[in-house]
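User: I have a model open and want to go through it by question and answer. Please keep the replies short.

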Amino acid sequence: YISEIIEGYLSLYKNTSLNLTDRVHSAVASLSMGNPTRLFTTSRRADLFNRVGAQDVIKKIIIPDKDRILEEKNKFLNFLKKSF
């Protein structure tokens, strides 16, 4: 799949039953949409998954904790509201 339009990629991540990827952004998208994901990387960028309790995504398939992701999303939205 190749596209210049982000909506197509987001639709793929939203509708997948399992995402096996070597791209951090792909893992972020699929986990944020509640889909099981496994990330194949040695990049330190994968440390960002610690924030939502998905640090093992580089070791095994992770089923995201939707409540934890929603909590982090709300923290971020509150930060943005205070900043602007």
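User: Let's begin with one residue. Where does Glu72 lie?

Analyst: This is a predicted model. Among the secondary-structure elements, the home of Glu72 is helix 3.

User: Is Glu72 buried or exposed?

Analyst: The cut-off for buried is under 20% relative accessible area. Glu72 has 11% relative accessibility, so the residue counts as buried.

User: Which residues is Glu72 in contact with, leaving aside neighbours within four places in sequence?

Analyst: Contact here means heavy atoms within 4.5 Å. With neighbours within four places in sequence set aside, the partners of Glu72 are Arg51 and Val52.

User: What is the volume of the largest pocket?

Analyst: Glu72, Arg51 and Val52 are among the residues that line this pocket. Val28, Leu31 and Phe76 are also among them. The volume of the largest pocket is about 390 Å³.

User: Which helix gives the largest share of the lining of the largest pocket?

Analyst: Helix 2 (24-32) and helix 3 (66-83) each supply at least two lining residues. The largest share is 4 residues, and it comes from helix 3.

User: By class, how many residues of the lining are nonpolar?

Analyst: Asp, Glu, Lys and Arg count as charged. The lining has 3 charged residues and 1 polar residue. The nonpolar count is 7.

User: Is Glu4 buried or exposed?

Analyst: Glu4 sits in the segment before helix 1 (6-15). Exposed means over 50% relative accessible area. Glu4 has 85% relative accessibility, so this residue counts as exposed.

User: How many Å apart in space are Glu4 and Val52, C-alpha to C-alpha?

Analyst: Val52 is one of the residues lining the largest pocket. In sequence, Glu4 and Val52 are 48 residues apart. In space, their C-alpha atoms are apart by 29 Å.

User: Which helix gives the most to the largest nonpolar core?

Analyst: This core has 9 residues in all, including Val24, Ala27, Leu31, Phe49 and Ile62. The top contribution is 3 residues, from helix 2.

User: Which residues does Ile62 touch, not counting those up to four places away in sequence?

Analyst: Ile62 belongs to the largest nonpolar core, as do Leu31, Ala54 and Val57. Not counting residues up to four places away in sequence, Ile62 touches Leu31, Asn35, Pro36, Thr37, Ala54, Asp56 and Val57.

User: What pattern does the protein follow along the sequence?

Analyst: The protein has 3 helices and 2 strands. Read along the sequence, the pattern is α-β-α-β-α.

How values were computed. Residues are numbered from 1 along each chain as its sequence is written. This is a predicted model: local features need pLDDT of at least 70, side-chain atom pairs count only at pLDDT 80 or more; totals for chains, interfaces and linings use all residues. Side-chain values use heavy atoms; hydrogens and water are left out. On a 1 Å grid over the protein atoms alone, a cavity is a set of points where a 1.4 Å probe fits but cannot get out, and a pocket is an open set with protein on both sides within 12 Å along at least five of seven lines; lining residues have an atom within 4 Å of a point. Grid points are joined across faces, edges and corners, and a volume is the space filled by probe spheres set on the points. Buried means under 20% relative accessible area, exposed over 50%, partly exposed in between (1.4 Å probe, protein chains only). A nonpolar core is a set of buried Ala, Val, Leu, Ile, Met, Phe, Trp, Tyr and Cys residues joined through side-chain atoms within 4.5 Å.
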